[in-house]
Every structure is written in C-alpha cells, then in structure tokens.
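Biologist: I have a model on my screen and would like to learn how to read one helix and its neighbours. Could you walk me through it?

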Amino acid sequence: MSRIVYVNGRYLPEHEASVSIFDRGFLFADAIYEVSAVINGKLIDVGAHLARLERSCREIKLELTWSGDELIAIHEELIERNGLVDGGIYLQVTRGAADRNFTFPAQRKPTLVMFTQARSIARKVSRGYTLKSVPDLRWARRDIKSTALLAQVLAKQAAAEAGCDEALMHEDGVVTEGGSSTIWIVKGRSIISRPLSAKVLAGITRQAVLTYVEETGFTFEERAFTLQEALDADEVIITAATAMVMPATEIDGHPIGDGQPGPVALRLRDIYFDLAERGGALG
Ligand code: PDD
C-alpha cells in the first residue's frame, strides 16, 4: 500500500512526491529534521519535538514559515490519512531549491517534507539491544538536528555488519551517544547520562524520562562516562523516539550485568508507555 506523504503544502501518494535536484537538503544537507513517535495513534511529546525543531532552525538561520499549530495539524492529518497506529513521523525542512552556491539563496523558500513510518512497537521487550562501539566522527554542533548524518550512517552500518542493533559512539573513550539515540548507564543507586552541550543532541525521550526517572528510587546523576564504565555498568539504557526506552545487554560481545534486560530499563519503559496514553510525559 502506498503512503500519503506531505510535500510543500500537498498530500500526495509517495510515488508522486518529489523535490528538486537543486534542493539544498540534497546538495548540502542544509536541512533540519525531527522524528516523533506515534503509539496507538497518538503523537508522543510533539510539542517538545517542535520546540527542538525551532531551535535547530534558529541555530542555522533557517526561517520556519509554518507555525507549531500548522505542523501539528500536518502530523495529525498524516496519521489519519495513513491509518498509522504505531511508528513515527519524519519531518524535514530544508533551505529550499536554488542553483548550487554555498551561501544562502536571496529568496527564502524552505522545503517541508513529512511522512509516516509504521513500525511495531511493543511495551514488553523480549531481548535487549546489542551495541558496537565506534569512534564518534561527527562535527562540532551535534546539538543541531541536522540531516548531515554520514557519520551516523557509517556508525550504524558498522554496528549492523557486526550483527548489532545500535552503535555506541565515543570520543577518546568517553561515550557521546548511540548512532541515533541517547545512552544512559545504571551503577549502584545512580542513573547516569551526560550533560547537554554541543557534543550531543538534546534527546526528547531523555527529557521525558527525566520527568519521572526518580520514581525508580534511583538518583539521577548528570555526568559524562567512559566506555569502560558502560562495560562495567549494572545496566545500559538507550532512549530515542524510535526505540522509546530500551535495555542494552551487550557491548562488543561483552554482556552488561547478567546479560538480561535490566529492571531499571524495564521500569522506565513501562512508565513511558503509561504516559504515552496521554501523549507522553511532555505533551
Ligand atoms: N534520532 N542522539 C542522536 C544522535 C539521535 O539521532 C537521536 C534521535 C537521539 C534521541 O533523540 P530523541 O529522544 O529526541 O529521539 C539522540 C532519531 C530518532 C533518528 O535519527 O531517527
């Protein structure tokens, strides 16, 4: 079945949708994206995703010409038209089409593309993610959710070729992020995740989990941690709009803790799903 996608004001069957070969998203990755989860037909934490979209656009001086309400309406329309139950919505805004020239075009006419991706999402997990560690090859502004994702493409491909579910990126032995996720560790009575900075994307799922993390009885500690600490952790946890909250049970073939999905990860996932029934922790 063909999806209905959104391109610059129009809803079209996916095979009829196109953008120009001169689009700066295609030529320069001069573009910003977001991925919002949909669980049981409900958009999760969409307000926070759109706030991050606005911030990313501001940081690269890309003027968004759609209001938050208009963008939410397009999300809802795509869910409706595609009968989406579980999965996500991908949104990309680019600086538009113009003859190839590095500097911004005089005429500002951004391109907006959105589409749904159906995916089965189960509250219960039968097994945890396996991770492969790779050096983080990305640029210096990882807080901007740019479509320049070649480093992550290579990281996640290396993970897939090693039979792993996700890459764990590190810089000089200090963990930055997953290939497309935030990484946390549990040690003793602490749940640890690194502080926000230009070195990492400010995960919306991270922000959501932080609203209830201490319901587990563990203390949140915001600090960087090393790959060795992750290997020695009681639990490793992944968060992203595409994974929700997932236990990770192996890094480079080395089991984490007892090698089974950990209780903290499972509890955080359970609460995430409870909150999803009302549109997420952040709304
Ligand atoms: N990626 N860090 C990186 C590098 C990411 O690409 C992502 C998400 C996250 C988690 O952010 P959030 O919790 O807001 O999804 C952290 C999306 C899902 C993707 O690229 O498909």
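Modeller: We will look at one helix, what covers it, and how it packs. This is a predicted model, where local features need pLDDT of at least 70 and side-chain atom pairs count only at pLDDT 80 or more, while totals for chains, interfaces and linings use all residues. Residues are numbered from 1 along each chain as its sequence is written, and side-chain values use heavy atoms, leaving out hydrogens and water.

Biologist: How far apart are the end C-alpha atoms of α2?

Modeller: Helices are DSSP runs of H or I with at least four residues, and strands are runs of E with at least two, numbered from the N terminus. The expected span is 1.5 Å times one less than the number of residues. For the 14 residues of α2 (residues 46-59) that gives 20 Å, and the end C-alpha atoms are 20 Å apart, which agrees.

Biologist: Which residues of α2 are buried?

Modeller: Buried means under 20% relative accessible area, exposed over 50%, and partly exposed in between (1.4 Å probe, protein chains only). In α2 the buried ones are V46, A48, H49, L50, R52, L53, S56 and C57. Their cover includes α3 (68-82) and β5 (87-94), where contact means heavy atoms within 4.5 Å.

Biologist: At roughly what angle do the axes of α2 and α3 cross?

Modeller: Axes are lines fitted to C-alpha atoms, for helices over the stretch in contact, with angles from 0 to 180 degrees between N-to-C directions. Here the axes come within 11 Å and cross at roughly 125°. V46, L50 and L53 of α2 meet G68, L71, I72 and H75 of α3.
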